[in-house]
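Me: I am new to this structure and would like to learn how to read it. Please show it to me, and let us then go through its features in turn.

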Amino acid sequence: MHIADILSRDSVTTSFEFFPPKNDAGWDSLFHVIADFERMQPSFVSVTYGAGGNTRTRTHELVVRLKTQTKLDPIPHLTCANHTKEDIENILTQYAQCGVSNILALRGDAPIAGSTASDFPHAADLVKFIRQFNSRGTHSDPRGFGIGVAGFPEGHPDTPNTLVQMDHLRAKVDEGADYICSQLFFDNSAFIDWQERCELAGIRIPVMAGIMPITSIAGLKRMAELAGGTRFPAKLLRAVKRCEQDAAAVERVGIHWATEQCMALLDHGVRGIHLYTLNKSEATQAIFQNLGIQTSSQLRQP
Ligand SMILES: Cc1cc2nc3c(=O)[nH]c(=O)nc-3n(C[C@H](O)[C@H](O)[C@H](O)COP(=O)(O)OP(=O)(O)OC[C@H]3O[C@@H](n4cnc5c(N)ncnc54)[C@H](O)[C@@H]3O)c2cc1C
């Protein structure tokens, strides 16, 4: 379903993020729990794309399997670094043929010096290209693909100047993005302040909050690496440190923190919550349970 239709149906969206499994065991374990995710009835799910295209086939395969074998509505991520216009055109044509309605348009990691030149220096260039693709009428939906872009409440490491960074976010919106999905964060005040700064910059499209529950100490360290610049509040680190020898307790603390974040964001009128699942259903289910809901639609009741 086109994101504009999802947004007009769901006053608060919920979405879950998956990555394409690397091997048969990974595929089996994801599809073993897929019914858990279906039962929660998210507005949509999204599927990551390996930087530089190293998961190109697997991302496509997972999107097609989710679309044809489940009740979930998948949005593929697409990174443009190290891709030519022809590469992107081919990928978009394939998704259009499969009836995929939306794309999350990203740059991905910056091209490594000396590697294949990219036709797309920044995500805004990809958004523009998708809009041009849409205007050619290749997609069965006359609107073409709905387009999401990434936003960074606590800044993006490549652009320390936050005013300039906001200009770059605005450029993606001006090129035609329909929604923004945020980088994960643990401090709601950072997200809320950034949302206000987006408004001040004239950004009016919906912003979805990226929430990733900590489920292990190793996971916490990996998050700090992947989401460079994300602040881990002392209160959260103290709570994790207290129980670091007890894996189950660490997971409980992480889920509790993520639940509190979701509750406060919902109270604050957040437009959408995007949960990074790492292909496991337990933490997402526990957050729903803590929120007192079984399905996403219950979040939308007054
Ligand atoms: C929700 C979400 C999902 C993600 N999914 C994936 C994924 O599936 N696969 C993956 O590899 N990565 C993924 N990422 C990571 C993302 O690709 C990287 O963080 C990347 O470095 C930034 O991507 P972007 O789309 O925001 O790029 P851009 O918007 O191009 O921004 C990248 C940097 O360039 C700067 N910039 C933008 N325009 C200009 C300009 N005109 N001149 C100078 N500087 C400029 C920006 O300020 C920023 O610092 C995801 C991130 C988020 C938040």
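Me: In which sense do S3 and strand S4 pair?
Reply: Strands of a sheet pair through backbone hydrogen bonds, and the pairing is either parallel or antiparallel. In this predicted model, S3 and strand S4 (residues 102-106) are paired in the parallel sense, with 3 bridges between them. One position to look at is His77, which stands opposite Leu104 in S4.

Me: How many bridges join strand S2 to S3?
Reply: Strand S2 (residues 44-47) runs parallel to S3, and 3 bridges join them. Here Val47 has Pro76 in S3 as its bridge partner.

Me: Which larger arrangement do the strands form?
Reply: The strands make a closed barrel of 8 strands with parallel pairing, in the order S1-S2-S3-S4-S5-S6-S7-S8. From one strand to the next, the twist averages 30 degrees. Elsewhere in the barrel, S6 and strand S7 (residues 207-211) are parallel partners over 3 bridges, and Leu184 is placed opposite Gly210 in S7. The secondary structure of the chain as a whole comprises 12 helices and 8 strands.

Me: Is S3 buried or exposed, and how does one judge this?
Reply: One counts the C-beta atoms around each residue: 20 or more others within 10 Å make it buried, and 12 or fewer make it exposed. In S3, 6 of the 6 residues are buried, so the strand is largely enclosed by the rest of the structure. Both of its faces are covered: Pro74, Pro76 and Leu78 are buried on one side, and Ile75, His77 and Thr79 on the other. Across the 302 residues of the chain, 42% count as buried.

Me: What does an exposed residue look like by the same reasoning?
Reply: Lys235, in helix H10 (residues 234-242), is a suitable case. Lys235 counts as exposed because it has 11 C-beta neighbours inside 10 Å. Lys235 and Ser140 are 95 residues apart in sequence, and their C-alpha atoms are 50 Å apart in space.

Me: Which residues surround the ligand?
Reply: The shell around the ligand holds 22 residues, and the closest are Thr48, His77, Arg107, Ala123 and Asp158. Two or more residues each come from strand S3 (74-79), helix H6 (123-135), helix H7 (162-174) and strand S6 (179-184). H7 gives the largest share, 3 residues. By class, the shell has 7 nonpolar, 11 polar and 4 charged residues.

Me: How should the overall dimensions be read?
Reply: One compares the radius of gyration with the value expected for a compact globule. For 302 residues that value is near 19 Å, and the chain has 19 Å, which agrees. Along the principal axes, the C-alpha atoms fill a box of roughly 55 × 45 × 45 Å. Of the contacts with a separation of 6 or more, 81% are between residues 24 or more positions apart.

Me: Where in the backbone should I look for a positive phi?
Reply: Two residues to inspect are Leu278 and Asn279. Leu278 is not a glycine, yet has a positive phi of about 55 degrees; Asn279, also not a glycine, has one of about 65 degrees. Leu278 lies in the loop between strand S8 (272-276) and helix H12 (282-291), and Asn279 is in the loop between S8 and H12 as well. Leu278 counts as partly exposed because it has 16 C-beta neighbours inside 10 Å. Asn279 has 19 such neighbours and therefore also counts as partly exposed.

How values were computed. Residues are numbered from 1 along each chain as its sequence is written. This is a predicted model: local features need pLDDT of at least 70, side-chain atom pairs count only at pLDDT 80 or more; totals for chains, interfaces and linings use all residues. A residue is near a molecule or strand if its C-beta atom, placed from the backbone, lies within 6 Å of it. Helices (H or I, at least four residues) and strands (E, at least two) are DSSP runs, numbered from the N terminus. Ala, Val, Leu, Ile, Met, Phe, Trp, Tyr, Cys and Pro count as nonpolar, Asp, Glu, Lys and Arg as charged, and the others, Gly among them, as polar. The radius of gyration is taken over C-alpha atoms; the globule rule is 2.2 Å times the number of residues to the power 0.38. Two residues are in contact if their C-beta atoms, placed from the backbone, lie within 7 Å. Two strands pair if DSSP finds at least two bridges between them. Axes are lines fitted to C-alpha atoms, for helices over the stretch in contact, and angles run from 0 to 180 degrees between N-to-C directions.
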